[in-house]
There are 2 protein chains.
Amino acid sequence: MLALTILGNNSAVPAFDRHPTSQVLTHNGNNYLIDCGEGTQMQLLRYKVRRSKISHIFISHLHGDHYFGLIGLLNSMSLLGHNQPIELFAPPPLKEILDIQLRVSDTTLGFDLNFHPITEASILVDTNALRIRCFPTDHRIPCFGFSFEEQRLPRKLIPEKARAYGIPTSYYERLVRGESYTTKNGELISVELVTEPAAPGPKYAFCADTRYHESLIEHIEGFDLIYHESTYLDDLADRAYDRYHSTSKQAAELARKAEVKRLLLGHFSSKYAKLDEFAQEARSIFPNTDLALEGLCYPIR
Amino acid sequence: MLALTILGNNSAVPAFDRHPTSQVLTHNGNNYLIDCGEGTQMQLLRYKVRRSKISHIFISHLHGDHYFGLIGLLNSMSLLGHNQPIELFAPPPLKEILDIQLRVSDTTLGFDLNFHPITEASILVDTNALRIRCFPTDHRIPCFGFSFEEQRLPRKLIPEKARAYGIPTSYYERLVRGESYTTKNGELISVELVTEPAAPGPKYAFCADTRYHESLIEHIEGFDLIYHESTYLDDLADRAYDRYHSTSKQAAELARKAEVKRLLLGHFSSKYAKLDEFAQEARSIFPNTDLALEGLCYPIR
């Protein structure tokens, strides 16, 4: 199962005790941190999300409200004795920013920070358990969304086919774990010929900061849950366009067209004290919409 | 009058809802921000300190718990329409750190940010109203304390001397405002010859991060209030020394030797949930000691 915890749901400027963007996706006891606005380390403390379980960090883009909290979090994890590697996926200039800050403070992190620059749509992580991709969004500077698909095992054996290919029954256990079979003659019998995939696992996509843009659809189609920004209400669609952001109704329209199951709205402008209208407007187009609220955990299937 | 508001009193890692170092000194309606740990912009909101009144920012050193909140604060002030210049005093590498972060986000601040590198003891600001100096402390990387001395007016006229120098009575008003007089022959009559200084104004010093070091005394002698770090209690004096920090009793000893009037302790290690013992230990040496507590305002005379 996947579960999403919201740490910050506000846009650029903190306001009304709402914090800049950050969320944590939990899977098999690992925490995948998505964006890291200022104060994320305090939000992790407040909502009792274990920092020590953060194995991967994904930064969508280099506007400050999406990454200013990263250097502080890494620093604190190191001071608190974290010693497991962290995989960091982000636009390339972030490396220079982190390096100089570590250098001037004469700091060596107590763990390996493996930096993976992201520059185009690609698969970032691909294991038996999880496939993570990034995809570009339509924003003022390079910006990426992230999709997370749980890979389910075991695959379902088709015994008559396995027998027909002469695969020994002692190998069946490896087939259902996803391994193909090689005969004594060196012939490869693909696992897909003799098994069926497991029922698909839950799928979540974080659509980052973006204008309404239908190029996103192919990356999120049919997903169980997507987070889509809605910086403004519908009456400010022009402002949203000018600033490379979206409105409540645009987020809902994309969710509808991508036939996802559920939509979370976030990245609310600091001009709004109350958020109810965001949900109301979006539900008029896509009923299964909720607000991404700080501290709440949204299970995904 | 000077007044000091504490925004953060914890050392390196946020804990127990204590925040990293930041404080605001208020004078004549201007806010002088001293250090700016992560989350300072939220603390300013929480304690209703007006960001728009920040005219000067002083960063003691480039350990993250003293400056990671700066870029976010500047960014937010710009987004909120701040348009008055800000004078920023800090160790030189901070400029590069800010520049790269503004560059990658394609951000131009809406106000002039005038960067003043600090590298040695010097006068940073010297007006009729306030004199601000920096002085080096004993820390692992270059680190500076800051002192603030209110300059009081009017000076006290000595009428018989002013008459003796032949200064016209119409000029007396300018003398008491601190202006010297130049005769028709071009001779300068120093204001100090014909007036006495006003009673000295209140003086505050922020002693930054430091080991116990008596070289600080000359910079803070007789001050009304000093803030001195006490990262550890007395039993961890060895650890304090190794990490270039001080203990409660060391801070008190320095306050006693410098004959200051009042001592505030801060920069508490995250290993301490409760802080009472810091005050108890320090008061055994210097009775007029208090804890720097977040959200409290300490008037200085």
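How many residues does the hairpin that joins β7(A) to β8(A) pass through? The hairpin passes through 3 residues. This small feature offers a convenient entry into the structure, which is a predicted model. The two strands concerned are β7 (residues 122-126) and β8 (residues 130-136) of chain A; they run antiparallel and are joined by 4 bridges. One pairing may be located by eye: Ser122(A) has Cys134(A), in β8(A), as its bridge partner.

From the hairpin, the reader may turn to the overall division of chain A. Domain 1 of chain A consists of residues 2-152 together with 200-300, while domain 2 of chain A covers residues 156-195. Between the C-alpha centres of these two domains of chain A there is a distance of 40 Å.

A helix of chain A comes next. Is helix α2 (residues 70-79) of chain A largely enclosed or largely open, and why? Helix α2 of chain A is largely enclosed by the rest of the structure, because 8 of its 10 residues are buried. The buried residues of α2(A) are Leu70(A), Ile71(A), Gly72(A), Leu73(A), Leu74(A), Asn75(A), Ser76(A) and Met77(A). Their cover includes two strands, β3 (30-36) and β6 (113-117) of chain A, and two helices, α1 (40-46) and α3 (93-104) of chain A. Just after α2(A), the backbone has a positive phi of about 95 degrees at Gly81(A).

Helix α2 (residues 70-79) of chain B may be read alongside this description. It is mostly covered, with 8 of its 10 residues buried. Among the buried residues of α2(B) are Leu70(B), Leu73(B), Leu74(B) and Met77(B). The buried residues of α2(B) pack against β3 (30-36), α1 (40-46), α3 (93-104) and β6 (113-117) of chain B. Just after α2(B), Gly81(B) has a positive phi of about 95 degrees.

The two chains also touch one another. Contacts link 29 residues of chain B with 29 residues of chain A. On the side of chain B that touches chain A, the elements giving two or more residues are α1, α2 and α3 of chain B. Of these, α3(B) gives the most, with 6 residues. Sorted by class, this side of chain B has 15 nonpolar, 10 polar and 4 charged residues.

Buried nonpolar residues deserve separate attention. In soluble globular proteins, nonpolar side chains tend to be buried together. The largest nonpolar core here has 136 residues, and those touching the most other members are Ile226(A), Leu263(A), Ile226(B) and Leu263(B). Apart from neighbours within four places in sequence, Ile226(A) is in contact with Ala205(A), Cys207(A), Ile220(A), Ala255(A), Val260(A) and Leu263(A).

In chain B, an open sheet of 7 strands has mixed pairing and follows the order β7-β8-β9-β14-β15-β16-β17. Its edge strands are β7 (122-126) and β17 (289-291) of chain B, each of which pairs on one side only. From one strand to the next, the twist averages 20 degrees. Towards the β17(B) edge, β16(B) and β17(B) pair in the parallel sense over 3 bridges, and Leu264(B) stands opposite Asp290(B) in β17(B). Helix α10 (residues 276-283) of chain B packs on the sheet, where it touches β16 and β17 of chain B; the direction of α10(B) makes about 170 degrees with that of β17(B).

Two arginines in loops of chain B complete the tour. Arg262(B) lies in the loop between α9 (248-257) and β16 (263-266) of chain B. Why is Arg262(B) counted as partly exposed? There are 18 other C-beta atoms within 10 Å of Arg262(B), whereas a buried residue has 20 or more and an exposed one 12 or fewer. Not counting residues up to four places away in sequence, Arg262(B) touches Asp224(B), Leu225(B) and Asn288(B).

Arg152(B) is placed in the loop between β9 (144-150) and β10 (156-157) of chain B. Arg152(B) is likewise partly exposed, because it has 15 other C-beta atoms within 10 Å. Leaving aside neighbours within four places in sequence, Arg152(B) is in contact with Ala198(B), Ala199(B), Pro200(B) and Gly201(B). Arg152(B) and Arg177(B) are 25 residues apart along the chain, and their C-alpha atoms are separated by 9.4 Å.

Technical notes. Residues are numbered from 1 along each chain as its sequence is written. Chains are lettered from A and ligands numbered from 1 in the order in which they are written. This is a predicted model: local features need pLDDT of at least 70, side-chain atom pairs count only at pLDDT 80 or more; totals for chains, interfaces and linings use all residues. Two residues are in contact if their C-beta atoms, placed from the backbone, lie within 7 Å. Domain bounds come from an automatic or database domain assignment. A nonpolar core is a set of buried Ala, Val, Leu, Ile, Met, Phe, Trp, Tyr and Cys residues joined through C-beta atoms within 7 Å. Two strands pair if DSSP finds at least two bridges between them. Axes are lines fitted to C-alpha atoms, for helices over the stretch in contact, and angles run from 0 to 180 degrees between N-to-C directions. Ala, Val, Leu, Ile, Met, Phe, Trp, Tyr, Cys and Pro count as nonpolar, Asp, Glu, Lys and Arg as charged, and the others, Gly among them, as polar.
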